[in-house]
Amino acid sequence: MKPTTAHLALPFFDEVHRALAQRLADWTVLQQVDETDDRQACKEWVQRLGAQGWLRYCVPAGPDGAWGGALDRLDSRALVILRETLAFHSTLADFALAMQGLGSGAITLAGTPEQQAAYLPQVASGAKIAAFALSEADAGSDAGAMTTSAMASAGGWTLNGSKTWISNGGLADFYVTFAKTDGAAGTRGITAFIVDADSAGLDSSAHIAVMSPHPLATLTFTDCQLDGSAQLGALNGGFKLAMQTLDIFRASVAGAALGMARRALAEAVQHAKTRKMFGQTLADFQLTQAKIGEMAALVDAAALLTYRAAWLRDEGERLGRSVRVTAEAAMAKMTATENAQRVIDMALQLHGGLGVKVGTKVESLYRDIRALRIYEGATEIQQLIIGKAVLQS
Ligand code: CAA
């Protein structure tokens, strides 16, 4: 099934976005990947997305195009469109692309020229798989409460502790890892590091199985030795760097949720038009029309908040102003994921028994959407961020 592109006529987008959406929609519809094994499938998607140049939107072009990015800057609208279009087709394809961006985002924002040259081109081509290691067992929503420590040692750093819920865990080639460098300074005592997957003292073998399979693991650091060159960004500046990275990618999570909701709506419409009951089609019932109407409005409300957040950030970057879009990105992420859950649930209900049959698209979407309301900041965290911003304005 191919997504519609009428919404791209909205003034949030430029021609580059419209062309991107069209080309990507034409490409995705031809892609069939066996997703029985999520880890294998994820590798396959990274390889295909890299070979076709889609991962080039996860990093900027860099000096003289050296980083391999498609555009001069990380473009939030391009990321939203990529995720929306991929998620419409395959949520694992979307995941594979998203993690290349989230996992390398802090290197784009704060890496040294050497770090950027060493990692970004490989992320853009798919030669290296990226991951973002922030969460811990007792520090999920309260990211500042992490206890993984990085102690300065001769010529570098020694990491000890554990990270969990790490997407691409056990699959990634490197982990952008956040650790405490000053245990008494709270969020002001956290530093980011680039940890290569083959670093001695890093164990990523504890895979986590979830209801919508995707590569996930717990990482354990036991006297994991890093060179001084592994430090990413300012000493004790890691928390802000993590938040700045999330500011970019939370709007793209909204894009993914939007793609899933659009797919559920399309599936519901198709089903309603063909399903016969009581001498007419399902679509002929006013109850169905009301549901479809509600679903369409939920999708459009999510779309407008998502595109606004992405446009605001891009516009700030274009004008050379560093505009904080934390609250707008939070509104987009919260609304798009919550609305998508409702839309998918309604689409499933319209399918009746078929909706819960394994192999039906709405059945997998019903499982796929759930984690998006939790990861990259749960809905309750987004509410907190928005509430604080409103009270401070
Ligand atoms: N940009 C820049 N700076 C920021 C910022 C932002 N967006 N947000 C906060 N900061 C700064 C604050 O200004 C403050 O700075 P000062 O020390 O100079 O005052 C500092 O960071 C601390 O901010 P807060 O006091 O607001 O921090 P907090 O401890 O109250 O926490 C929070 C804030 C919003 C709850 C934060 O902890 C948070 O976002 N939690 C959710 C974590 C999250 O999203 N995890 C996702 C993991 S990744 C993932 O899920 C990926 C995956 O698997 C797919």
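Start by selecting asparagine 160, which is found in strand β3. The model on screen is predicted. With a relative accessibility of 28%, asparagine 160 counts as partly exposed. Add serine 149 to the selection: 11 residues separate serine 149 and asparagine 160 along the chain, and their C-alpha atoms are 5.4 Å apart.

Keep strand β3 (156-167) in view and bring up the ligand, because the next stops concern the shell around it. In that shell, 27 residues surround the ligand. Select the closest of them, namely Ser141, Arg188, Lys240, Arg250 and Glu376.

Now go through three polar pairs at the ligand. At serine 141, a polar backbone atom is 2.7 Å from a nitrogen atom of the ligand. At aspartate 247, the partner is in the side chain: one of its N or O atoms is 2.9 Å from a ligand nitrogen atom. At glutamate 376, a backbone N or O atom lies 2.8 Å from an oxygen atom of the ligand.

Switch to a surface view of the ligand. On its own the ligand has 1100 Å² of accessible area, and the protein covers 77% of this.

Next, colour by secondary structure. Which elements give two or more residues to the shell around the ligand? They are α4 (91-110), β3 (156-167), α6 (238-274) and α10 (379-392). Of the elements, α6 gives the most, with seven residues.

Recolour the shell by residue class. It has 12 nonpolar, eight polar and seven charged residues. Then colour by domain: domain 2 (132-236) and domain 3 (246-392) each supply at least three residues to the shell.

Leave the ligand and select the sulfur atoms of cysteine 42 and cysteine 58. How many disulfides does the structure hold? The count is zero. Why is cysteine 42 not bonded to cysteine 58? The closest cysteine sulfur to that of cysteine 42 is in cysteine 58, and it is 12 Å away, which is too far for a bond; a disulfide needs the two sulfur atoms within 2.5 Å. Seen from the other side, cysteine 58 is likewise in no disulfide, and its nearest cysteine sulfur is that of cysteine 42.

Finish by showing the protein surface at these two positions. Are the cysteines buried or exposed? Cysteine 42 is buried, with a relative accessible area of 1%. Cysteine 58 also counts as buried, at 1% relative accessibility.

Conventions
Residues are numbered from 1 along each chain as its sequence is written. This is a predicted model: local features need pLDDT of at least 70, side-chain atom pairs count only at pLDDT 80 or more; totals for chains, interfaces and linings use all residues. Side-chain values use heavy atoms; hydrogens and water are left out. A residue is near a molecule or strand if one of its heavy atoms lies within 4 Å of it. A polar contact is a pair of N or O atoms within 3.5 Å; within protein, one must be able to donate a hydrogen and the other to accept it, and residues adjacent in sequence count only if both atoms are side-chain atoms. Accessible areas come from the Shrake-Rupley method with a 1.4 Å probe; for residues, only the protein chains shown count as cover. Helices (H or I, at least four residues) and strands (E, at least two) are DSSP runs, numbered from the N terminus. Ala, Val, Leu, Ile, Met, Phe, Trp, Tyr, Cys and Pro count as nonpolar, Asp, Glu, Lys and Arg as charged, and the others, Gly among them, as polar. Domain bounds come from an automatic or database domain assignment. Buried means under 20% relative accessible area, exposed over 50%, partly exposed in between (1.4 Å probe, protein chains only).
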